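Visitor: I am new to this structure and would like to look closely at one part of it. Could you take me slowly through one of its sheets, strand by strand, and then show me what lies elsewhere?

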Amino acid sequence: ESTRGKLIEILSNHPEEYLSGQKLSQQLNISRPAVWKHMKELEKDGYGIEASPRKGYKIITFPDKVSTNTLSWGLKTKWLGQDMIHKPSVTSTQVIAHQEAQDGAAHGTVIVADEQTKGRGRLNRSWHSHKGDGVWMSIILRPKFEPHKSPQITLLAATVLAEVFKKYCGISPQIKWPNDLLTNGKKLSGILTELQAEQDQINYIVLGMGINVNHSVEQFPEEIMNQATSLKIETGENWEIHTLIQQILNTFEKRYQEFIEEGFRSVKLRWEAFGYRIGEHVAITTHQQEWNALIMGIEHDGALKVRDEEGKEHVLYSAEIKWRRGEE
Ligand code: BTX
């Protein structure tokens, strides 16, 4: 644990008291000028620190600002996010994550940006990522399972987000297979899983998550205004981005571990609890052909099971579901 992390921990455990520079320097085993320097750094990160020459230091406010520190402090994970990279602005956190992974970044490395100038969705689509208003994050995973199981990570991630939104924000999103979270039919969040693999072995997975958090309706670009929503629009509240990210990482690590130990079964049950339009008729596109189908659920491996209008069952590994006619 870093000195800075320890310092924040000590200060946060005594929110009402002053702690003397002397005492802090002993506890942290650093000089008093070094304590002072750390305090200045904390202020830069948005901590409100009161310094009194006689009494010492006291935290008066915590930052509502995303930084490597605010993301790391209070994180309860063992491996996920222990390597944390935060950037104010990037083209895409996916791009950074691929570079980091190729340079040997560890399993569980997390990349977070305040803004993406070229956020991406699937099939070369773009993902709008307005500065400071959302979670734009990529996770590097180095699993030992076979490459063909990697799409299951998308469904796992979707169930984790659904769980966090429900427990932490009090809304019940629906998962649109395979990678979208919707509330009231509008897109709240998207997931993008990219894989770097050989025949029978995964080099790494980059799991991207985009969540609209504090957007108001007018902040979305015209083209997606009618189909996008945010946590703020759904709940009427602003949400702290770094706390939300920590909730996601804490939950993801737990569920990922279950997935590795128990297999997809544990994910399937959760997925079905949130699964969008199970038992309903939708328009499905596969190979650029649109047809009508009834959603039956997902298979033991995460594939989508549907029934067409002739009553024939299909198991789909890739497809687009439309929740409204005329949508792109
Ligand atoms: P997708 O291809 O399923 O969805 C992309 C489509 O969603 C777009 O074509 C557009 O219609 C719509 N859309 C774009 N931006 C938004 C938005 N902010 N909210 C709602 N709808 C939108 C979904 O792809 C996967 C998205 C993953 C995004 C994350 S963010 C962190 C990481 N970095 C990165 O570049 N991508 C991932």
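Guide: What follows is a walk through one sheet and its loops, and after that a look at the ligand and a few other places. Please keep in mind throughout that this is a predicted model.

The sheet is an open one, made of five strands in the order β13-β12-β11-β10-β14, and the pairing in it is antiparallel. Its edge strands are β13 and β14, the latter covering residues 320-322, and each of these two pairs on one side only. From one strand to the next, the twist averages 45°.

A good place to begin is strand β12, which covers residues 304-308 and whose side chains alternate between two faces. Leu-304, Val-306 and Asp-308 point to one face and are buried, whereas Lys-305 and Arg-307 point to the other face and are not buried. If you follow the strand residue by residue in the picture, you can see this alternation for yourself.

On one side, β12 has β11 as its neighbor: strand β11 spans residues 289-298, runs antiparallel to β12, and is joined to it by five bridges. Within this pair, Arg-307 of β12 has Leu-294 standing opposite. The two strands form a hairpin with five residues between them, and in the turn Gly-302 has a positive phi of about 95°.

With strand β13, residues 313-316, β12 pairs over four bridges, again in the antiparallel sense. Here Lys-305 stands opposite Val-315 of β13, while Leu-304 has Leu-316 as its bridge partner in that strand. These two strands also make a hairpin, this one with four residues between the strands, and in it Gly-311 takes a positive phi near 90°.

The loops of the sheet deserve a look of their own, beginning with the one between β10, residues 281-286, and β11, where His-287 lies. The phi of His-287 is near 45°, which is a positive value in a residue other than glycine. Gln-288 is found in the loop between β10 and β11 as well, and its phi is also positive, at about 60°, although Gln-288 is not a glycine. His-287 counts as exposed because its relative accessibility is 78%, and exposed means over 50%. Gln-288 has a relative accessibility of 81% and therefore counts as exposed too.

Another loop, between β13 and β14, holds Ala-319. Ala-319 has a relative accessibility of 7%, so this residue counts as buried, the limit for that being under 20%. Ala-319 and Gln-288 are 31 residues apart in sequence, and the distance between them in space is 9.4 Å from C-alpha to C-alpha.

Leaving the sheet, we can turn to the ligand, which is surrounded by 29 residues, the closest of them being Ser-92, Gln-116, Arg-120, Arg-122 and Arg-125. By class, this shell is made up of eight nonpolar, 15 polar and six charged residues. Four elements each supply at least two residues of the shell, namely α5 (93-102), β5 (134-141), β8 (186-198) and β9 (201-212).

Some contacts with the ligand can be followed atom by atom. A polar backbone atom of Arg-122 is 2.8 Å from an oxygen atom of the ligand. In the side chain of Gln-227, an N or O atom is 3.0 Å from an oxygen atom of the ligand, and for the side chain of Asn-179 the corresponding distance, from an N or O atom to a ligand oxygen, is 3.3 Å. On its own the ligand has 780 Å² of accessible area, and the protein covers 96% of that.

Two further places complete the tour. The first is the peptide bond joining Trp-177 and Pro-178, which is cis, with an omega of about -5°. Pro-178 lies in the loop between β6 (174-176) and β7 (180-183).

The other is a pair of strands, β1 with residues 48-52 and β2 with residues 56-61, which pair over five bridges in the antiparallel sense. A hairpin through three residues joins β1 to β2, and Gly-48 has Thr-61 as its bridge partner in β2.

Notes. Residues numbered from 1 in each chain as written. Predicted model: local features only at pLDDT ≥ 70, side-chain atom pairs only at ≥ 80, totals over all residues. Heavy atoms only, no water. Near = heavy atom within 4 Å. Polar contact = N/O pair within 3.5 Å; in protein donor to acceptor, adjacent residues only side chain to side chain. Areas by Shrake-Rupley, 256 points an atom, 1.4 Å probe, with all protein chains shown as cover. Nonpolar A, V, L, I, M, F, W, Y, C, P; charged D, E, K, R; others polar. Buried < 20%, exposed > 50% of the residue type's maximum accessible area, 1.4 Å probe, protein only. Pairing = 2+ DSSP bridges. Axes fitted to C-alpha atoms, helices over the stretch in contact; angles between N-to-C directions.
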